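Trainee: I would like to go through this model with you. Where shall we begin?
Mentor: Start with the overall fold, then the rings, then the backbone.

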Amino acid sequence: MSKLTQLAATDRTMKEGEIISAPLECVELMVPQRHVKRVKTALEERKMLNKKKGISSPFLKIVKESLEALPPELLDSLGSSVNALVADFPSSYTIYQPMLLLPRNNFTSLYGSSLSKALLLNSPDFQPFWAHVAARVGVTHIAINAGIPPQATSSDGFPKNLDGTSVENILRSPVNLTPIYGFFGPLHSPQTLESPTTADFDAALWVTHTQNGIPQTWAPLYTMFSRGNIREKTRILNLPSVTSSVAEAGGCTSVDLYAGIGYFVFPYLKAGVSKVLCWELNPWSIEGLQRGAKLNGWRTQVIERGHGPSEPPSESTDLIVFAHSNEFALEDLAETKRVISLPPVRHVNCGFLPSSNLSWRTAVGMIDKGLGGWIHAHENVGMSDVEQRKAQVVTEIEGYVDAAGLRGEVKCEHVEKVKTYAPGVLHVVFDIWIGATSSLAAA
């Protein structure tokens, strides 16, 4: 369903871009959500907005219809009229089939400083409302979204540190997601989060979303998804340094040190990279990575460390997933080169926020020394600090090249501003070129 908002009442529908040239008593404008504020302001300036009618949307019409279908006594228990509830209900939403995802901030403002009252909407009595909304929108599950917390508590299913403090949420688990309608999977526990079984995977809800013709899938109760990374995914598909590497005789290998469900892994494969090596800790992300690769027709091999014998890397796979920390990545790469003929590593993606700098030493060691290559370093940077941080990144990576006893050109070819991460903070990617390196000793 497209995100459209209606302004004013109507007796006919205006086409996008149509100019009102004759007096009309009432007109309906279907406006993309991102343009609503600008259009509303323009209409108000021309005294053309019916403020009594206000702003509504097809989605809010569904909400009102669903509320009105509830028993009057249940509506009375909410302490507000249908119109008042609809007026404050979130009009923005996202659909990842078969799930409808609603923004948490709207519910917080509607029901107070916490979600305690909103959780009443998850009561058995209120389920017919969500069932009606789900059926009308065309989904089977509904949840309230939330940001990924940097720390995870025991109430989230994580064990505490030895000193009793909360552990770091290194798996980037969406522990604050609030399921409202439908079964999303087994509850969080140390076992389901860190060592899920095949039965756990099969019981969970898996959603799918396609970007640039690439389907991705994940379990929203256990795995994050960042829609805002679409800019960087698209860039990888068309990046000249990627397309030129792909065109070289013998092809090339790309590396992703923080794979997730395949955010950047899949664009590299779609662009024609011969093989991708990647590292990921979250078993739910690895499962999503495998399922997504299968949807795209790519062959995947998962290699675990410290869990008994594992099959050696295979020549026939498109994607090799190392299911452990990337601190072992250089050892894994050396072993892979020992058992299969691996095309040269030309691109290393370091996609960890707020800073990927802990992986840069490893990235330097993975770039093909004879041809050189690119490190794509993801960082959160203040809007006014981008140039300063750019110089720092180059200096730090030059230091890792020198520390490895190598010499070669290091420069930042491009800075990509992916999205706004927070007020005054940008998510950027520094494309760092490392030229063909030679040993200082040999020189």
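**Fold and contacts**

Mentor: This is a predicted model. Of the contacts in the protein with a separation of 6 or more, 64% are between residues 24 or more positions apart.

Trainee: How many helices and strands does the protein have?
Mentor: Both kinds of element are present. The count is 15 helices and 22 strands.

Trainee: What percentage of the residues count as buried?
Mentor: Buried means under 20% relative accessible area. The protein has 443 residues. The buried share is 49%.

Trainee: How much of the accessible surface belongs to carbon and sulfur atoms?
Mentor: The accessible surface of the protein comes to about 21200 Å². The share of carbon and sulfur atoms is 53%.

**Aromatic rings**

Trainee: How many aromatic pairs are there?
Mentor: Ring centres must lie within 6.5 Å to pair. By this rule the count is 16.

Trainee: Is the pair of Y263 and F264 stacked, edge-to-face or tilted, and which residues join them in a cluster?
Mentor: Their centres are 6.3 Å apart, with 55° between the planes. Planes under 30 degrees apart count as stacked, over 60 as edge-to-face. The pair is therefore tilted. Both residues are buried, and ring pairs link them into a cluster with Y96, W218 and F225.

Trainee: What kind of pair do W279 and F322 form?
Mentor: The centres lie 4.7 Å apart. The angle between the planes is 15°. Both residues are buried. The pair is stacked.

Trainee: How many residues apart in sequence are the parts that W279 and F322 tie together?
Mentor: W279 lies in strand 14, residues 275–279. F322 lies in strand 16, residues 319–322. The pair therefore ties together parts whose separation in sequence is 43 residues.

Trainee: Which residue lies over the face of W206?
Mentor: Look 4.1 Å from the ring centre of W206. The residue there is R291.

**Helices 6 and 9**

Trainee: Where on helix 6 do the buried residues lie?
Mentor: Helix 6 covers residues 127–137. Its buried residues are F129, W130, V133, A134 and V137. Seen down the axis, they fall within an arc of 130°, so they line one face of the helix.

Trainee: What phi does G138 take?
Mentor: G138 comes just after helix 6. Its phi is positive, about 95°.

Trainee: Is R235 buried or exposed?
Mentor: R235 lies in helix 9, residues 230–238. Its relative accessibility is 12%. The cut-off for buried is under 20%. So R235 counts as buried.

Trainee: Which residue has a side chain joined to that of R235 by a polar contact of 2.8 Å?
Mentor: Set aside neighbours within four places in sequence, and R235 is in contact with H376, H414, E416, V429 and D431. The 2.8 Å polar contact joins the side chains of R235 and E232.

**Backbone**

Trainee: Which peptide bonds are cis?
Mentor: Most peptide bonds are trans. P98 sits in the loop between strand 5 and strand 6, and P354 in the loop between strand 17 and helix 14. Omega is near 5° for the cis bond from Q97 to P98. For L353 to P354, also cis, omega is near 10°.

Trainee: What is the phi of N212?
Mentor: N212 lies in the loop between strand 11 and strand 12. With a relative accessible area of 35%, N212 is partly exposed. Its phi is positive, near 55°.

Methods. Residues are numbered from 1 along each chain as its sequence is written. This is a predicted model: local features need pLDDT of at least 70, side-chain atom pairs count only at pLDDT 80 or more; totals for chains, interfaces and linings use all residues. Side-chain values use heavy atoms; hydrogens and water are left out. Rings of Phe, Tyr and Trp (its six-membered ring) pair if their centres lie within 6.5 Å; planes under 30 degrees apart count as stacked, over 60 as edge-to-face and the rest as tilted. Buried means under 20% relative accessible area, exposed over 50%, partly exposed in between (1.4 Å probe, protein chains only). Helices (H or I, at least four residues) and strands (E, at least two) are DSSP runs, numbered from the N terminus. A charge sits over a ring if NZ of Lys or CZ of Arg is within 6 Å of the ring centre and within 35 degrees of the ring normal. Contact means heavy atoms within 4.5 Å. Accessible areas come from the Shrake-Rupley method with a 1.4 Å probe; for residues, only the protein chains shown count as cover. The arc is that of the directions from the helix axis to the C-beta atoms. A polar contact is a pair of N or O atoms within 3.5 Å; within protein, one must be able to donate a hydrogen and the other to accept it, and residues adjacent in sequence count only if both atoms are side-chain atoms.
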